[in-house]
Amino acid sequence: MILLLKKREFFLQSLWRYEGASQRTVSIAQYLLFCRNNPIPEVQLTYISCLLENNEQELALVGLKDYINKHGTYKIHDFLPVAHLANNNGFSNELISQAHYLFDHLENNRKNNKFDFFLRNKTIAVVGNSPEVLANNYGAEIDSHEVVMRMNMFKISQIHKVNTGEKINIFVSNANKDVIFSNNYNQENLAKYKWLYLAMDFWHIQLSDFLFENVPFFLSKHCDIIRNSDTKLCYFYPKFSSDIRQRAKIAVATTGLKILYHLTEEGIPFDEYGFNSEIKEGIYPNDLKEELDSPSDNFDEALVTSAYYRNLNFWGTGHNLNQELRFRRSLKSRSRLS
């Protein structure tokens, strides 16, 4: 019985990532809380997150007080919406305060559409990290745009800038442990960005799932960016991640697909560079990144909810570049793509 409940606790986290605060997610969380005298803290924090997403503030606060009576402030900072609720009700420590500060900044910019307002009526280039961009001399054309977006572990070198350009106004980041310790996150480069778009689903993840022991650094780093620079931070709406997974039939969407989807959904025209344009097989080198690329052309509905486990590196990244290409083609009629 205990082993079965443990499996359901892991399934809850997976389902939460994929469906968000659906009735099924809430029901499983309630079942686990009812069936175990001492459920793991993550179950209760997930349930409180679902209540907050569903606008059940009073019940969420009751759950939070019960959680604190059982566990103190343990791991609250790992769930940003819960940390925001805790800090606003006098339950805080340094990490919770930082999580609250970051989440408050992100939510304010999201609810007031500040990122989209910044982009309105500007020419926009979205530059991916596909090696295909190296086959064309698009550098000057890319840099002629008023806004240039680049992603994650992008590299700009003298030898490739004729193809990639070198301008950047917006850094689109999944902010995992590799990215936040990369050169693109140093103070000199951060000063170049008008916006840092965090392509992450803070409503449906606990930070330690992809940051591991680096959560304190992540929180401190982003709070410092907000306080000590002109760079603004934003992220997508709560159901964005589940929407794109279900529409694109992709377990884990790439950062590039997320920003293209966001712009298309908001009706913001853009030009696209450095994204795969052909169906491919096998594994191929990528001079713009440290690792190899694999198109991984397969999809299984039963495995989509395993995105949670795949992000823990149990089954690789879960990206499917060929399926993303098919979905991007379906978006072209709704945007201005090169």
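1. Methionine 151 has valine 172 of strand 3 as its bridge partner. That pairing belongs to the contact between strand 2 (residues 147-151) and strand 3, which run parallel and are joined by three bridges. Please keep in mind as you read on that this is a predicted model.

2. Valine 172 also looks the other way along the sheet: its bridge partner in strand 4 is tyrosine 197. Strand 3 and strand 4 (residues 195-198) are joined by four bridges and run parallel.

3. Is strand 3 covered on one face or on both? Strand 3 (residues 170-173) is covered on both: Ile170 and Val172 are buried on one side, and Phe171 and Ser173 are buried on the other. As a reminder, side chains in a regular strand alternate between the two faces of the sheet.

4. Stepping back to the whole sheet, you will find six strands in the order 5-4-3-2-1-6, with parallel pairing, and the sheet is open. Its edges are strand 5 (232-234) and strand 6 (271-273), each of which pairs on one side only. On average, neighbouring strands are turned by 20 degrees against each other, with direction ignored.

5. Strand 6 deserves a visit of its own. Its link to strand 1 (residues 124-127) consists of three bridges, and the two strands run parallel. One pair to look up is valine 127 with its bridge partner tyrosine 273 in strand 6. Aspartate 271 also sits in strand 6. Why does aspartate 271 count as buried? Its relative accessible area is 13%, and the cut-off for buried is under 20%. Leucine 260 lies 11 residues from aspartate 271 in sequence, and their C-alpha atoms are 9.8 Å apart in space.

6. Now for the nonpolar interior. The largest core has 58 residues, and those with the most contacts inside it are Ile76, Leu198, Phe202, Leu207 and Phe218. Helix 3 (residues 41-53) gives the most to this core, with seven residues. A second core, separate from that one, has 29 residues, including Ile124, Trp195, Leu260 and Phe270.

7. Leucine 207 is a good residue to click on. Setting aside neighbours within four places in sequence, leucine 207 is in contact with His77, Asp78, Leu80, Phe202, Phe212, Val215, Phe218 and Leu219. Among these, Val215, Phe218 and Leu219 are buried residues of helix 13.

8. Helix 13 (residues 215-228) has 14 residues and reaches 20 Å from its first C-alpha to its last, close to the 20 Å expected at 1.5 Å a residue. Its buried residues also include Lys221, His222, Cys223, Ile225 and Ile226. When you look along a helix, recall that an α-helix has 3.6 residues a turn, so residues three or four places apart point the same way.

9. How do helix 14 and helix 15 sit against each other, at what angle and how far apart? Helix 14 (residues 240-248) and helix 15 (residues 255-265) pack at about 100 degrees, with axes 11 Å apart. The two helices are therefore roughly perpendicular to each other. Helix 14 brings Phe240, Asp243, Ile244 and Arg247 to this meeting, and helix 15 brings Leu257, Lys258, Tyr261, His262 and Glu265.

10. Finally, have a look at helix 18 (residues 321-331). Eight of its 11 residues are buried, so helix 18 is largely enclosed by the rest of the structure. Charged residues are on the buried list too: it includes Glu324 and Arg328, alongside Leu321, Leu325 and Phe327. Helix 14, helix 15 and strand 6 are among the elements that cover the buried residues of helix 18.

Key:
Residues are numbered from 1 along each chain as its sequence is written. This is a predicted model: local features need pLDDT of at least 70, side-chain atom pairs count only at pLDDT 80 or more; totals for chains, interfaces and linings use all residues. Side-chain values use heavy atoms; hydrogens and water are left out. The expected span of a helix is 1.5 Å times one less than its number of residues. Buried means under 20% relative accessible area, exposed over 50%, partly exposed in between (1.4 Å probe, protein chains only). Two strands pair if DSSP finds at least two bridges between them. Axes are lines fitted to C-alpha atoms, for helices over the stretch in contact, and angles run from 0 to 180 degrees between N-to-C directions. A nonpolar core is a set of buried Ala, Val, Leu, Ile, Met, Phe, Trp, Tyr and Cys residues joined through side-chain atoms within 4.5 Å. Contact means heavy atoms within 4.5 Å. Angles under 35 degrees count as roughly parallel, over 145 as roughly antiparallel, 65 to 115 as roughly perpendicular and the rest as oblique.
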